[in-house]
Amino acid sequence: MPSETILGISFFTGTVGEAIETIVRDGGLLVAPSGPGLATLPHQREYQQAVEGSDLALTDSGLLVILWNLFRRPKIPKISGYLYFRELAHHPLLREPDASFWVMPSEKEMRINLKWLNEAMGIPATEADCYLAPHYGDGTIEDDTLVAILEKRKPRMVIINIGGGVQERLGYTLRNRLSYRPGIVCTGAAIAFFTGQQANIPGWADRLHLGWLTRIISDPRRYLPRYAAAFRLVPLFFRYGRKSPAARN
């Protein structure tokens, strides 16, 4: 599997189609670390453990891709969580009964997401195929209730639609605790771009690494501080390169 190690994380450098088929075929944990998330690596031990220990990490951060392609070789492609989810949503597996299970952030968003999945995509997901995530605190996440549901149902794909920094820690725990190996996809709010809960990202903006800009324009008070913090990634990149930053809590 083609990859490039950056900040201790083995980032996948193949195509989005290859990334999808790898997770569908082999299962495992897929993460798409954002720039703001990567900027926290020296201070979030459990998050670092999850992204470094993932089976497939996408190059979601446009800032990271730009830095690498300017100063290192070989060049790497950008595969965003948005692009991955867009293509995954068309995969035949998701149209099979009981094949997918969805972790949702709230009841309101669950209903909006299910409507889109059913009506726009033809994916036969119901409330029984969903789990409303509780508030997860810092540190290692343990959710015995969710583990028990997944062990009973054994879906082939578990798609986690909650916030970055949390979803990776949850996915890592599920991957390590489940007795079987589903695909665990941590693309967070990607579904919200398609359901209208967040401003849609035009294809050209994603290709030009400007998805962050469309989010800031849609809600500057919410997203401007978040993406400003992402620039802490720049000194991390130059200090550590391929090496893992030393995480501390």
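The paragraphs below walk through a predicted model, beginning at a patch on its surface, passing to a buried charged residue, and ending with pairs of oppositely charged side chains.

A good place to start is the surface, where Ile-66, Leu-70, Phe-71 and Phe-238 together make a nonpolar patch of about 420 Å². The element that gives the most to this patch is helix α4, which spans residues 62-71 and supplies 3 residues. One of the patch residues, Ile-66, is found in helix α4, and because its relative accessibility is 37%, Ile-66 counts as partly exposed. Other residues of the helix are covered: in α4, Gly-62, Leu-64, Val-65, Leu-67, Trp-68 and Asn-69 are buried. If you look for what lies over these buried residues of α4, you will find that the cover includes the strands β1 (3-6) and β2 (9-12), as well as the helices α2 (35-38) and α13 (233-240). Helix α4 can therefore be read in two ways, since a residue such as Ile-66 is partly exposed at 37% relative accessibility, while residues including Leu-64 and Trp-68 are buried.

The next stop is Asp-143, which has its place in the loop between β6 (130-132) and α7 (144-153). Which side chain of opposite charge is nearest to Asp-143, and how far away is it? That side chain belongs to Arg-177, at 7.4 Å, and Asp-143, although buried, has no salt bridge. The distance explains this, because a salt bridge requires a side-chain nitrogen of Lys or Arg within 4 Å of a carboxyl oxygen of Asp or Glu. What the side chain of Asp-143 does make is a polar contact with the side chain of Tyr-131, at 2.9 Å, and a polar contact with the side chain of Tyr-136, at 2.5 Å. When neighbours within four places in sequence are left aside, the residues in contact with Asp-143 are Tyr-131, Pro-134, Tyr-136, Leu-170 and Arg-177.

From here we can turn to charges that do find partners. Side chains of opposite charge can pair when their charged atoms come close. In this model the count comes to 13 salt bridges. In one of them, the side chains of Arg-175 and Asp-55 meet with a distance of 2.7 Å from N to O. Arg-175 lies in helix α8 (residues 167-177) and Asp-55 in the loop between α3 (45-52) and β4 (56-57), so this pair ties together parts that are 120 residues apart in sequence. Arg-175 counts as buried because its relative accessibility is 19%, whereas Asp-55, at 27%, counts as partly exposed.

Asp-55 also meets the side chain of Arg-181 in a salt bridge, at 3.1 Å from N to O. This pair again links distant parts of the chain, with Arg-181 in the loop between α8 and β8 (183-186) and Asp-55 in the loop between α3 and β4, 126 residues apart. Arg-181 has a relative accessible area of 47%, and is therefore partly exposed.

A further salt bridge is formed by Arg-153 and Asp-129, whose closest N and O atoms are 2.3 Å apart. Since Arg-153 lies in helix α7 and Asp-129 in the loop between α6 (107-119) and β6, the pair ties together parts that are 24 residues apart in sequence. Arg-153 counts as partly exposed at 30% relative accessibility, while Asp-129 is buried, with a relative accessible area of 5%. Finally, salt bridges that share partners join Asp-55, Arg-175 and Arg-181 into one network.

Conventions. Residues numbered from 1 in each chain as written. Predicted model: local features only at pLDDT ≥ 70, side-chain atom pairs only at ≥ 80, totals over all residues. Heavy atoms only, no water. Patch = residues over 30% accessible without salt bridge, like charges linked within 9 Å, V, L, I, M, F, W, Y side chains within 5 Å. Areas by Shrake-Rupley, 256 points an atom, 1.4 Å probe, with all protein chains shown as cover. Helix = DSSP H or I, 4+ residues; strand = E, 2+ residues; numbered from the N terminus. Buried < 20%, exposed > 50% of the residue type's maximum accessible area, 1.4 Å probe, protein only. Contact = heavy atoms within 4.5 Å. Lys, Arg positive; Asp, Glu negative; His and termini not counted. Polar contact = N/O pair within 3.5 Å; in protein donor to acceptor, adjacent residues only side chain to side chain.
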